[in-house]
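Me: I'd like a close look at one part of a model, please. Here it is.

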Amino acid sequence: TRGTTPDAMYFENGTVSGGRFDGEVTKLGGTIIGGTFDDKVTNRGGTISDGTFNGKVINEGNIENGMFNGEVFNQSNSTIKNGTFNNFVRIKRMKK
């Protein structure tokens, strides 16, 4: 899927390839390959590879590469592999 997503996006599985995401993105599984994210991204599982993240990122899955321009909160059981970070990165323990 390519194009602009102006509102919030929520999905559990599948693959999204490229595009511009103007609204908040919540992802429970599946894969996002590339894209520009202008609002908050919550990755609750699966992988996001590449991409430009202009808003807050909460990662509970895997992110590979990318440019992070907003705050990044990486849960202790999650992975961010490579990337450029232009703001704060915090590692947070999961509460049980």
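Leaving aside its neighbours within four places in sequence, which residues is Val41 in contact with? And please take me on from there into the core and its aromatic rings.

Reply: Happy to. This is a predicted model, so let me begin with the residue you picked. Apart from neighbours within four places in sequence, Val41 is in contact with Val25, Ile48, Phe53, Lys56, Val57 and Ile58.

Several of those names come back in the core. The largest nonpolar core has 14 residues, and Val41 is among those with the most contacts inside it, together with Val25, Ile32, Phe37, Phe53 and Val57. As a general background, nonpolar side chains in soluble globular proteins tend to be buried together.

Now to the rings. The protein has four aromatic pairs. In one of them, the ring centres of Phe37 and Phe53 are 4.9 Å apart and the planes stand at 5 degrees, so this pair is stacked; planes under 30 degrees apart count as such. Phe37 belongs to strand S7 (residues 36-37) and Phe53 to strand S10, so their pairing ties together parts that are 16 residues apart in sequence. Phe37 is buried, at a relative accessible area of 1%, and Phe53 is buried as well, with 1% relative accessibility.

Another pair involves Phe68 and Phe85: with ring centres 4.7 Å apart and planes at 5 degrees, this pair is stacked too. Here the link runs between distant parts of the chain, from Phe68 in strand S13 (residues 67-68) to Phe85 in strand S16 (residues 84-85), 17 residues apart. What about their exposure? Phe68 is buried, with a relative accessible area of 1%, whereas Phe85 is partly exposed because its value of 34% lies between the 20% and 50% cut-offs. Ring pairs join these four residues and Phe21 into a cluster.

For the setting, the protein has zero helices and 17 strands. Of its 96 residues, 40% count as buried. Among contacts between residues at least 6 apart in sequence, 0% join residues at least 24 apart. The accessible surface comes to about 5,400 Å², and carbon and sulfur atoms account for 44% of this area.

Finally, a word on confidence. The mean pLDDT of the protein is 84, and 88% of the residues score at least 70. Strand S10 (residues 52-53), home to Phe53, has the highest mean among the elements, at 94, while strand S1 (residues 4-5) has the lowest, at 51.

Methods. Residues are numbered from 1 along each chain as its sequence is written. This is a predicted model: local features need pLDDT of at least 70, side-chain atom pairs count only at pLDDT 80 or more; totals for chains, interfaces and linings use all residues. Side-chain values use heavy atoms; hydrogens and water are left out. A nonpolar core is a set of buried Ala, Val, Leu, Ile, Met, Phe, Trp, Tyr and Cys residues joined through side-chain atoms within 4.5 Å. Buried means under 20% relative accessible area, exposed over 50%, partly exposed in between (1.4 Å probe, protein chains only). Contact means heavy atoms within 4.5 Å. pLDDT is the predictor's confidence in each residue, from 0 to 100. Helices (H or I, at least four residues) and strands (E, at least two) are DSSP runs, numbered from the N terminus. Rings of Phe, Tyr and Trp (its six-membered ring) pair if their centres lie within 6.5 Å; planes under 30 degrees apart count as stacked, over 60 as edge-to-face and the rest as tilted. Accessible areas come from the Shrake-Rupley method with a 1.4 Å probe; for residues, only the protein chains shown count as cover.
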